[in-house]
Amino acid sequence: MSVSDETLYNIAKVLGGEQGVEIIKVLKENQDITVENISAITNIQINDVRKLLYKFYNHSLVTSKRFRDKETGWFIFQWRLQPELVEAYIQGMKQKILKKLETRLEHEKTHEFYHCGNPTCPRITFETAMDTVFRCPTCDESLRRLDNSECIEFLEIKIKELKEDLNT
Ligand SMILES: [Zn+2]
């Protein structure tokens, strides 16, 4: 399974900004390319290209192979994109999001929430509301029980969607 260009560039941008996107575009067009050649095509400094490639490498987006230059005896590294691992990266991100949503859902289900009605004030848990004798700690208005069933429903739908997505 491979990913769309858009997804690929979004990941590149998150990890490496605009320069990251440029490098990934070059890697898409050229398999097995050296840092020097990427730098020449993109006009990005060699050291910056190298830094970004290592970052991509640490996230398994790219791979490198090395061989010895017959004339100079030096090692040459060539880089290429690993689209199948890009997919693995995305799956990993989705797993993380799923975990966060599940933790959040658990929190919503096991807590009672209170609110004063002012949109700029935060929600208060039952424990905190007890401490302030059911007054908003921000604006001092009285607190009312907040119905969080819509929030729970939303989280449950999102979790179900993500699980289905991860299983296909
Ligand atoms: Zn308030």
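Here are some worked exercises on the predicted model shown above.

Residues are numbered from 1 along each chain as its sequence is written, and side-chain values use heavy atoms, with hydrogens and water left out. Because the model is predicted, local features need pLDDT of at least 70 and side-chain atom pairs count only at pLDDT 80 or more, while totals for chains, interfaces and linings use all residues.

**Exercise 1. The packing of two helices**

Work out how the axes of helix α1 and helix α3 are arranged, and which residues make the contact.

Step 1. Locate the elements: α1 covers residues 5-29 and α3 covers residues 46-58. Helices are DSSP runs (H or I, at least four residues), strands are E runs of at least two, and both are numbered from the N terminus.

Step 2. Take the axes, which are lines fitted to C-alpha atoms, for helices over the stretch in contact; angles run from 0 to 180 degrees between N-to-C directions. The axes of α1 and α3 come within 10 Å and cross at roughly 105 degrees.

Step 3. Classify the angle: α1 is therefore roughly perpendicular to α3 (under 35 degrees is roughly parallel, over 145 roughly antiparallel, 65 to 115 roughly perpendicular, the rest oblique).

Step 4. List the partners, with contact meaning heavy atoms within 4.5 Å. From α1 come Ala 12, Leu 15, Gly 16, Gln 19, Gly 20, Ile 23, Ile 24 and Leu 27, and from α3 come Asp 48, Val 49, Leu 52, Leu 53, Lys 55 and Phe 56.

Step 5. Sort them by class: the contact of α1 with α3 has 9 nonpolar, 3 polar and 2 charged residues (Ala, Val, Leu, Ile, Met, Phe, Trp, Tyr, Cys and Pro count as nonpolar, Asp, Glu, Lys and Arg as charged, and the others, Gly among them, as polar).

**Exercise 2. Residues of α1 and α3**

Decide whether Gln 19, Asp 48 and Val 26 are buried, partly exposed or exposed, and find the contacts of Gln 19 and Val 26.

Step 1. Start with Gln 19 in helix α1. Gln 19 has 34% relative accessibility, so it counts as partly exposed (buried is under 20% relative accessible area, exposed over 50%, partly exposed in between, with a 1.4 Å probe and protein chains only).

Step 2. Setting aside neighbours within four places in sequence, Gln 19 is in contact with Ile 44, Asp 48 and Leu 52. The C-alpha atoms of Gln 19 and Thr 42 are 8.4 Å apart, with their positions 23 residues apart along the chain.

Step 3. Move to Asp 48, placed in helix α3. Its relative accessible area of 26% makes Asp 48 partly exposed.

Step 4. Finish with Val 26, another member of helix α1. Here the relative accessible area is 7%, so Val 26 is buried. Beyond its neighbours within four places in sequence, Val 26 is in contact with Ile 33, Ile 38, Ile 41 and Thr 42. Its C-alpha atom is 6.8 Å from that of Ile 38, 12 residues apart along the chain.

**Exercise 3. The zinc site**

Identify the protein donors of the zinc ion and name their arrangement.

Step 1. Find the donors: Cys 116, Cys 121, Cys 136 and Cys 139 each contribute SG, lying 2.3 to 2.4 Å from the zinc ion. Donors are N, O and S atoms within 2.8 Å of the metal (3.2 Å for Na, K and Ca); water is not among the atoms, so sites may look incomplete.

Step 2. Read their spacing along the chain, C-x4-C-x14-C-x2-C. Cys 116 in the loop between β3 (113-115) and β4 (124-125) and Cys 136 in the loop between α5 (126-131) and β5 (144-146) are 20 residues apart, a pair that links distant parts of the chain.

Step 3. Check the angles: the 4 donor atoms subtend 106 to 115 degrees around the zinc ion, so the arrangement is tetrahedral (for four donors, all angles between 85 and 135 degrees).

Step 4. Look at burial: Cys 116 is buried at 7% relative accessibility, and Cys 136 is buried at 2%.

**Exercise 4. Positive phi**

Find what phi is for Asp 32 and Val 133, and where each residue lies.

Step 1. Asp 32, in the loop between α1 and α2 (35-42), has phi near 55 degrees, a positive value in a residue other than glycine.

Step 2. Val 133, in the loop between α5 and β5, has a positive phi near 50 degrees. At 64% relative accessibility, Val 133 counts as exposed.

Technical notes: Tetrahedral: all angles 85-135°; square planar, octahedral: opposite > 155°, others 65-115°.
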